[in-house]
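Me: I'd like to go through this one with you, a piece at a time. Could you keep to what can be read from the model?

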Amino acid sequence: MSEQNQTPNPLLQGLNPQRQSPPLVFIVFGASGDLAARKLLPALERLSRRRQLAAGFSVVGIARTQMSDEEFKKLALESVPDFGPSWEELVKGFRYISGEYAHPDTFEELKKVLSELDDLYGCSGNRVYYLATIPSLFGEVAQGLKDHGLNQAKDPNSFVRLVVEKPFGRNLPSAQELDDKLHSCFEEKQIFRIDHYLGKETVQNVLALRFANAIFEPIWNRQYVDNIQITVAESLGVEHRGSFYETAGALRDIVQNHVMQILSLTLMEPPSSIDATGIRNEKVKALKAVEIMTPQEVAQQVVRAQYSPGWVNGEPVVGYQLEEGVSSSSTTETYVAMRLKVDNWRWAGVPVYIRTGKRLPKRVTEVALQFQTVPHLSFSQNLVTDLEPNVLVIRIQPDEGVTIRFGAKVPGQDFRVRSVSMDFSYGAAFLEETSDAYERLLLDAMVGDATLFIRSDEVNQAWQILEPILNAWSENAVPVYQYPAGQWGPAEADQLLAKEGRKWRKP
Ligand code: BG6
């Protein structure tokens, strides 16, 4: 077909042109673990399949587990069930180092391997270190890299970056301690704190919806919005991660990071530019406007709970305390709901309700803006059936899209009105398969775009908001309620809204 005859597909217009990593070595600490096999290696495979990795790209895995280069290569292939030929080719050059992070030999060996790879593949001295170890080892690894001169670029044209996985500390002091440690080894601009929610297309769509349209922003404020509800619900339990979850709980595992990120994107002011500094400055400002609760407010505005036995998707499931790796007297919360107040001109008086939990009826993440009711309803009450206030829902997953609920006339002789939905669905509007969150974020780190990574002051501010809650909970000042698995949390969470004349949206 001649070029003139090729009609561009309108559904593909505006999608990203292909980006490519520069030459580099990608070094995974904790390479024998779950995260590497489930997320990192498959994301690298997809990047290689899409030809988004430069010719001089290589991988070094490091972990305490004993493994040979060949065994690591096998693991890299087995982590991706349907790998393509480009992955098979790439994996041939992978290297593996087993060793303790406290031991200088580990880093000496790394130095040697990196220089061999530079010579063999032309990786130009560029490094992206990925900390996929248990969090307690983050500081030790950063120190090891510094002690062996591996924390700095060899010349002004090359780069060294450090990608850090959540959790960023367990509370405010430990997060500050971790930050001090990382900052003593790397500059902030080298540190890329990853939250995979920011890699989700639909989380980024919050920005597009708000700042690429003229019709939403004028009503995105206290004059029109009655309340905001953020839901991060999972139907799964803690799976095989019981012993990890015992040390985390829903507040640390989901609220501190994923919910706070969605919240800041929802509340923030328009940045003057969509880049790392512009966006992150506004996100921090938004988080700073969230009121820090007093202990009395924690008792009134936060509900924690744990799932008891129940039914999910038609199957009976055990309660949290019977999960593998969980103490039979555990008080770890698998559900949190809270009401936040935001002290600024845009949001004063608009409550923000957030909830997250495991073993809820379904997996759904969404942001819903519920608008105020009309000042006067001209229709007689019996003609208005099932009319709710307007709602704008950003569906983050699994059914990605945007819904607007509004009143419409029911066909017929009467002037009956009820709420209907207007839907935009990602799957139907864009043909391109969306990238997985890790795929997107790994490539961003490789090209040095920090827009979708969390800055140190954002982490700090998120902990400031949660610190009073953790303190109140550690003093056992707040009960841990129960909810049967497969239900939308405990009755006390409904009360949180009911006492203000509102209710949770049914996603
Ligand atoms: C992780 C949490 O960060 O996010 C898990 O540690 C949770 O507990 C997961 O299940 C949810 O991610 P997603 O992308 O499936 O919503």
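Me: Which strands does helix H15 lie across?
Reply: Bearing in mind that this is a predicted model, helix H15, made of residues 491–498, lies across E7, E8, E11, E12 and E17, and its direction is at about 10° to E11.

Me: And what does helix H9 lie across?
Reply: Helix H9, residues 250–267, lies across strands E7 (225–233), E11 (335–340), E12 (352–357), E13 (364–371) and E14 (391–397), and it runs at about 140° to E7.

Me: OK, what's the strand order in the sheet?
Reply: The sheet is open, has nine strands with mixed pairing, and follows the order E16-E15-E14-E13-E7-E12-E11-E8-E17. Strands E16 (417–425) and E17 (480–484) are at the edges, and because each has a single partner strand, one side of each is left without a neighbour in the sheet. From one strand to the next, the twist averages 20°.

Me: How many bridges join E8 to E17, and do they run parallel or antiparallel?
Reply: Strand E8, residues 302–308, is joined to E17 by five bridges, and the two run parallel. Within this pairing, alanine 305 has tyrosine 481 of E17 as its bridge partner.

Me: Switching topic: where is serine 86 found, and what does it touch?
Reply: Serine 86 is found in helix H3, which covers residues 85–91. Leaving aside residues up to four places away in sequence, serine 86 touches Ser48, Arg49 and Arg51. Its C-alpha is 9.8 Å from that of leucine 47, although the two residues are 39 apart in sequence.

Me: Is serine 86 buried or exposed, then?
Reply: Serine 86 counts as partly exposed, because its relative accessibility is 22% and the buried class is for values under 20%.

Technical notes:
Residues numbered from 1 in each chain as written. Predicted model: local features only at pLDDT ≥ 70, side-chain atom pairs only at ≥ 80, totals over all residues. Heavy atoms only, no water. Pairing = 2+ DSSP bridges. Helix = DSSP H or I, 4+ residues; strand = E, 2+ residues; numbered from the N terminus. Axes fitted to C-alpha atoms, helices over the stretch in contact; angles between N-to-C directions. Contact = heavy atoms within 4.5 Å. Buried < 20%, exposed > 50% of the residue type's maximum accessible area, 1.4 Å probe, protein only.
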